[in-house]
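Take a moment to turn the model around and look at it from a few sides. Then read on, and we'll walk through some of its parts together.

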Amino acid sequence: MFRITLQSENPGGGVLSIPAIYGMYTPVYYVEESPKLSVVQRAPGTIIDFDATRILFRDHNYLLGVVDRATELVTYIGELQPPTPHTKTEDYGALTPSGVVMQSWNGYLFAWANGRFSRTERRGWIDAVNGDSLLWMTPDEDQINLLTLTTDVDTTFHLRPGTTTPFQADIAASGDIYYSTYEEPSIRGPGELRLGNHPGYLQRPITDGTNVAGRWWNGAVCSSYLYTADGQEVFLGDSRQGNAAGLLAHAGYTAFLKSDGAVNQVWVRTPAGDLHQLSDFPTSSRFDQQRLRIGHDGISDTGEVVFLNDGKRYIGRPGEEPEEIGSDLGHARWFDGGWYVTLGNTLFEVATGDATTGDAAVAAEGMAGRPVMERSEEELDLVHTAPLAADTAEPPAPDPSEPGAAPDTFEDVEAAALSGDLASAGALGDPPPAAMGCSAGPSAAGQNAGSQGATALASALVGLTLARRGRRRC
């Protein structure tokens, strides 16, 4: 970690030394040099999501784009409103089979499917996405709608006038929806399904399509329960923090946080019902979670679990010591048979086990000379998320005292993972040896984007492209 200062001759004599600022804030740069991370591909901006064929990114001008990973063709699909110095929320989004969904910090959302835009007048908050289905709520959270992207059909899913607590949901690949509110004791599912009835606030349920899991917060501990396909209720354990992002579910495996009496440790339950403790650290561990993917990224097909502890990222496996793979910068995700880390504008592959150089990974050629399909200003205006002149206020935020409240409108110091690292990792030229990334630290969160000159100067000094880094609430 280091800071950058600029020095120049003072006309009055001596040397003038000032911080290299970005907007109104002095950036802190973090450099990732883990030998277990190898560059796979880069994008011309901060990576938001990726799949086998595409990368979703946002550049320093707040243009939203998609990279075709095979051809490196870049399609710019929209323009986001830059945040103000006082903005507390973050942009977040995801790729879908047919396109892109995106949520802007100022409460506007849009969808791009099959090469065309959905209606853009929607204002509210995206809560859950799977496939081409998404749940979103109005700014007052009184109404939750189910939007099918391929047809642009938007229907009311749930009405709750006058509510004061968050709606939280997960969508299975089948389209089944499991949801909860703090006002009800049970997870609600398809039909009249009710799962669990425990004291405390019911937090976000998650499902892998087979099992369903949820947490109840009583103000002192969070109690986690699993509901299996054969109708069993399994108590997983209590954790000390009321973080709603304390569960992972995938392929019949369930990872959860459990207190050892002093701090939270990571555990995993296998499809056969066996329990394994994966961490044993003196400080609390937490999961590497990202909004719209909460509960799903950090667990593999065989029950390996990625978690964070004391500034580092680990892979935990039953019966083995946790394997350190780097710092906790960026976001890790299990995808297509391997572990990947997105850090700023770079997608890395994780070389696990004894591999330390990542020689098997394909180094990126960079995006220099990439073909770009520019959108006209008229097309960009279709998805410009700037508020109207008479409508500039942010939607009401939930009570920050409620753990796991949604949307992510405030900082959660206790439980926030560095999964929202909006940073650039490396310049757009040839990749550095092994892995090297750089990001502006928390002091740069919420900065104004109108300082490209300072950014360019800082980039020239360190050979890295500076973008914004913040924290996302789970």
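Is Arg-333 buried or exposed? Arg-333 has a relative accessible area of 8%, so it counts as buried; here buried means under 20% relative accessible area, exposed means over 50%, and partly exposed is in between (1.4 Å probe, protein chains only). Before we go on, keep in mind that this is a predicted model, in which local features need pLDDT of at least 70, side-chain atom pairs count only at pLDDT 80 or more, and totals for chains, interfaces and linings use all residues. Residues are numbered from 1 along each chain as its sequence is written, and side-chain values use heavy atoms, with hydrogens and water left out.

Arg-333 has a partner. Its side chain meets that of Asp-297 in a salt bridge, at 3.9 Å from N to O; a salt bridge is a side-chain nitrogen of Lys or Arg within 4 Å of a carboxyl oxygen of Asp or Glu. The two sit 36 residues apart, with Asp-297 in the loop between β31 and β32 (305–309) and Arg-333 in strand β35. Strands (E, at least two residues) are DSSP runs, numbered from the N terminus. Asp-297 has 4% relative accessibility, so it is buried too.

Now for the largest pocket, which holds about 720 Å³ of space. On a 1 Å grid over the protein atoms alone, a pocket is an open set of points where a 1.4 Å probe fits, with protein on both sides within 12 Å along at least five of seven lines; lining residues have an atom within 4 Å of a point. Grid points are joined across faces, edges and corners, and the volume is the space filled by probe spheres set on the points. Of the 36 lining residues, the closest to the centre are Asn-130, Arg-293, His-296, Asp-297 and Arg-333, so you've already met two of them. Strand β14 gives the most to the lining, with four residues.

Next, find strand β8 (residues 63–68). Five of its six residues are buried, so β8 is largely enclosed by the rest of the structure. It pairs with β7 (residues 54–58) in the antiparallel sense over five bridges, where two strands pair if DSSP finds at least two bridges between them. One bridge puts Arg-58 with Leu-64 in β8. The hairpin of β7 and β8 has four residues between the strands, and Tyr-62 there takes a positive phi near 65°. Strand β8 also pairs with β9 (residues 74–79), again antiparallel and over five bridges, and Val-66 stands opposite Thr-75 in β9.

Further along the chain, an open sheet has four strands in the order β31-β32-β33-β34, with antiparallel pairing. Its edge strands, β31 (286–287) and β34 (323–327), each pair on one side only. Four bridges join β33 (residues 312–316) to β34, and one of them pairs Arg-313 with Gly-326.

Side chains take part here as well. Lys-312 and Glu-324 meet in a salt bridge of 3.8 Å, N to O. Lys-312 lies in β33 and Glu-324 in β34, so the pair ties together parts that are 12 residues apart in sequence. Lys-312 is partly exposed at 35%, and Glu-324 is partly exposed at 39%.

Finally, Lys-36 forms a salt bridge with Glu-323, with the closest N and O atoms 2.7 Å apart. These partners are 287 residues apart, and both are buried.
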